[in-house]
Amino acid sequence: MTTSSIERGVRAGLPIVRFMQAYIPLPVAHRLIRLGMANVRLDFGVTREAISADGVPCDWVNPQNSTRNEVLLYLHGGGFVFGLTPQHLQMGAYLAKKMGTRILMVDYRLAPDHPFPAALDDCVTAYRWLLKQGIPAPNIAVAGDSAGGNLAITMLMKLRDDGDPLPAAAVCLSPVTDLTNKNTPNPGFKDPLLPPAALKYYKKAYVAHHDARDPLISPVFGNLRGLPPLLVHVGEDEILCDDAVRIASLAKSADVDVRLEIYPRMWHVWQLYLNLPQAIQSLDDIAKFLQAHLGFVAQQPAPT
């Protein structure tokens, strides 16, 4: 398969993002993200509404063609230390329009000020808030990228263990599933987007004084039995490819209905680059998967 000019152009800009992760102080990065969020523009026909889900800040992303009784709960990535970004909102807007489904994007608490289990607790709270709004579990799906992929899986495990009704399906984009720092890349491997020093900091910030082998931190050490259907997308060229392969294999061993897709030449969460053909290909597949599993409860308007 030949490399398109769009792909070459996007890839040429990745070293800048890599440099920023390694060298821009966290407070500066947070200010830049807040500035971007204040000025973000979504596609025509998609609106954004900030709400509180039992104290957890979230954003509704609403397409005009929404069925209004199905919801995708989206958990953003960012190494557990960065908040919801304009790129995540724009990606969410694409999925919302494609699926005709509302998306609730959770802006969970961040490490290092709020290490594990703060982010996980916020995601669980947001899911239970949806249930309290009268949205049945089969009409809810969960998705997340990177750290959000970790939170999607660990949230399902916690909900299962607590006896909560589980959502219809889950999707993980380039999930981080092992925070023990035991995995090392092959000699000469260089992730095009994620610098090793930043990865080490993200893991330390979130794990803090806890045991990284806790299944609710590193789900590869947990029991995945009983989880809903799972779709995992990961890039061939990223350091977290092995994390995705391992979690998919474990899910299959636990009799979970799981599908793993490894995209050639792709980097970490390439779906955020909406001008990239492979991003649209991935997001369209995700939308089709979620639509196939959502909505087994009779269609009815959501409560106002």
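This is a conversation between a student and a tutor about reading a predicted model.

Student: Let's start with the sheet. In what order do the strands of the open sheet come?

Tutor: The sheet has 8 strands, and the order across it is β1-β2-β4-β3-β5-β6-β7-β8, with mixed pairing. The strands at the edges are β1 and β8, each with a single partner strand, so one side of each has no neighbour in the sheet. From one strand to the next, the twist averages 20 degrees.

Student: Mixed pairing, okay. In what sense do β1 and β2 pair?

Tutor: Strand β1 (residues 46-53) and strand β2 (residues 56-63) pair in the antiparallel sense, over 8 bridges. If you want to find the pairing on screen, look for Arg-48, which stands opposite Val-61 in β2. The hairpin of β1 and β2 has 2 residues between the strands, and Asp-54 there takes a positive phi near 50 degrees.

Student: And in what sense do β5 and β6 pair?

Tutor: That one is parallel: strand β5 (residues 140-145) and β6 pair over 5 bridges. Here you can look for Val-142, which stands opposite Ala-170 in β6.

Student: Which strands does α4 touch?

Tutor: Helix α4 packs on the sheet and touches β1, β2, β3 (71-75), β4 (102-106) and β5. Its direction makes about 170 degrees with that of β3.

Student: Now helices. How do I read which side of one is covered?

Tutor: Here's the general idea: an α-helix has 3.6 residues a turn, so residues three or four places apart point the same way. Now take α7. Its buried residues are Cys-241, Asp-243, Ala-244, Ile-247, Ala-248 and Ala-251. They cover an arc of only 160 degrees around the axis, which puts them on the same side of α7.

Student: What covers those buried residues of α7?

Tutor: The cover includes α5, β7 (230-235) and β8 (258-263).

Student: What span should α7 have, going by its residues?

Tutor: At 1.5 Å a residue, the 13 residues of α7 (residues 241-253) should span 18 Å, and the end C-alpha atoms are 19 Å apart, which agrees. After α7 comes Asp-255, with a positive phi near 65 degrees.

Student: How many of the residues of α5 are buried?

Tutor: α5 is mostly covered, with 12 of its 16 residues buried. Among them are Ala-147, Leu-151, Ile-153, Met-155 and Leu-159. The buried residues pack against β3, α4, β5, β6, α6 (196-207) and α7. For its length, α5 reaches 22 Å from its first C-alpha to its last, close to the 22 Å expected. Just after α5, Gly-163 takes a positive phi of about 85 degrees.

Student: Next, charged side chains. How many salt bridges are there?

Tutor: The count comes to 14. To count, a side-chain nitrogen of Lys or Arg has to be within 4 Å of a carboxyl oxygen of Asp or Glu. Try Asp-162 and Lys-158, whose side chains meet at 3.2 Å, N to O. Being 4 residues apart in α5, Asp-162 and Lys-158 are separated by about one helical turn. Asp-162 is partly exposed at 42% relative accessible area, and Lys-158 is partly exposed at 22%.

Student: Which residues are joined into one network with that pair?

Tutor: Salt bridges that share partners join Arg-128, Lys-158, Asp-162 and Asp-164 into one network. One of the links is Asp-164 with Arg-128, where the closest N and O atoms are 2.7 Å apart. That pair links distant parts of the chain: Asp-164 is in the loop between α5 (147-162) and β6 (169-173), while Arg-128 is in helix α4 (residues 118-132), 36 residues apart.

Student: Is Asp-164 buried or exposed?

Tutor: Asp-164 is buried, with a relative accessible area of 17%, since the cut-off for buried is under 20%. Its partner Arg-128 counts as partly exposed at 29%.

Student: Where in the chain are Asp-284 and Lys-98?

Tutor: They form a salt bridge too, with the closest N and O atoms 3.8 Å apart. Asp-284 sits in helix α8 (residues 277-293) and Lys-98 in helix α3 (residues 86-99), 186 residues apart, so this pair links distant parts of the chain. Asp-284 is partly exposed at 25%, and Lys-98 counts as partly exposed at 44%.

Technical notes:
Residues are numbered from 1 along each chain as its sequence is written. This is a predicted model: local features need pLDDT of at least 70, side-chain atom pairs count only at pLDDT 80 or more; totals for chains, interfaces and linings use all residues. Side-chain values use heavy atoms; hydrogens and water are left out. Buried means under 20% relative accessible area, exposed over 50%, partly exposed in between (1.4 Å probe, protein chains only). The expected span of a helix is 1.5 Å times one less than its number of residues. The arc is that of the directions from the helix axis to the C-beta atoms. Contact means heavy atoms within 4.5 Å. Two strands pair if DSSP finds at least two bridges between them. Axes are lines fitted to C-alpha atoms, for helices over the stretch in contact, and angles run from 0 to 180 degrees between N-to-C directions.
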